[in-house]
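Let's go through part of this fold by question and answer. Have the sequence and the coordinates open.

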Amino acid sequence: MTDTHQTTWHHLSSDWINWADRLAPAAGKINRYMIETADLPALSAARNGVRLDVLDLASGVGEPAFSFARALSGERDVSANTPGIVGHVTASDIVPEMCEGLAARAEEEGISNLTVIPADMEKLPLPDGSFDVVSCRFGVMFCNGPDLALREAHRVLRPGGRAVFMVWAPLVDNPLFAAMDAVLGNILGIGFDKAGFDKAGLDPFCFGNIDQSMDRMESAGFTNITATTHNPAGRIPETAPFWKPQMDMLFGNILRNTSDMKMGAINAAMFETLSPYIEDGHFQVPICFHVLSGTRS
Ligand SMILES: C[S@@+](CC[C@H](N)C(=O)[O-])C[C@H]1O[C@@H](n2cnc3c(N)ncnc32)[C@H](O)[C@@H]1O
């Protein structure tokens with residue numbers, strides 16, 4: 001990560017902290033796809049019930065690290081009639097302010113089986129073969145060298161361990177982001193395109209193509225590679241500017257300095273662009289992402 005990338009996320013950290021608690025229920029719903037893919041019961045059985053170690057990369061202010069920590073609290077899952085699984089989560093992020101926000105939230109939530117370390121996922125300060133699971137939600141695409149990050153994830157896994165990455169499907173399959181891209185492009189001249197997203201050369205959708213993403217996993221050394229696609233839609237009253245959290249968390253550093261008049265125009269254009277998704281007085285806009293996984297042999 002160059003200074004420019006780090007500075008951007010540093011400036012966005014207050015937006016992430018601001019929205020985190022309100023977004024937690026929705027986050028928990030999609031995190032379950034990652035937890036199911038990790039197959040904690042199978043990993044626990046393979047380790048004879050010894051404590052599982054999970055490393056979450058680019059954790060931001062806590063997702064999906066908190067969900068993994070809760071799944072590893074040792075509480076019996078009554079619905080699945082399975083014994084409780086015990087484990088510990090090491091959450092990490094390259095931005096110290098994200099790590100601080102995460103630690104504060106973990107304390108407030110009473111999550112005790114979690115520690116947090118600042119770490120660049122392209123160069124992890126961790127020994128080989130030290131984790132049963134490596135997870136990363138919407139983080140790997142924000143690295144300068146995503147393939148280096150995949151190799152690092154593979155390196156720190158124990159043999160038999162599993163990495164799980166949640167990545168965005170293409171922009172065209174994500175109407176909320178497509179609307180944001182078009183509207184912010186028209187009004188402020190910014191967007192997700194490589195020249196536009198903070199002019200940092202990032203492509204948040206660079207793992208959108210499943211076949212190519214699975215090839216990248218294979219090149220990083222993973223085996224038993226799987227990919228699933230999900231497109232859940234929320235149901236939000238049409239009076240709510242539901243795009244605001246995502247817009248703030250990706251472009252808040254710029255929006256903070258945008259006039260009220262322009263913000264009014266942005267919100268009006270977002271409403272109009274997304275109005276085809278209003279049904280029964282509610283926005284029902286799907287988001288689309290892939291869950292990629294692979295094991296270390
Ligand atoms: C879109 S956010 C995702 C945060 C969290 N995983 C979530 O889903 O809510 C991307 C995160 O990646 C972090 N990040 C970017 N490059 C990184 C790197 N090279 N190593 C570790 N973290 C990085 C940013 O600081 C930011 O918190």
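Q: Which residues of helix H7 (residues 210-219) are buried, and why do they share a side?
A: Here a residue is buried if 20 or more other C-beta atoms lie within 10 Å of its own, and exposed if 12 or fewer, with partly exposed in between and C-beta atoms placed from the backbone. Helices (H or I, at least four residues) and strands (E, at least two) are DSSP runs, numbered from the N terminus. The buried residues cover an arc of only 100° around the axis, taken from the directions from the helix axis to the C-beta atoms, so they sit on the same side of H7. They are Ser213, Arg216 and Met217.

Q: How far can we lean on this, and how are residues numbered?
A: It's a predicted model, so local features need pLDDT of at least 70 and side-chain atom pairs count only at pLDDT 80 or more, while totals for chains, interfaces and linings use all residues. Along each chain, as its sequence is written, residues are numbered from 1.

Q: Which residues are exposed on the other side of H7?
A: Turn away from the buried side of H7, with Ser213, Arg216 and Met217. On the other side, the exposed ones are Asp211, Gln212, Asp215 and Ser219.

Q: In S4, which residue stands opposite valine 54?
A: Strand S1 (residues 52-57) runs parallel to S4, joined by four bridges (strands pair if DSSP finds at least two). Opposite valine 54 stands valine 133.
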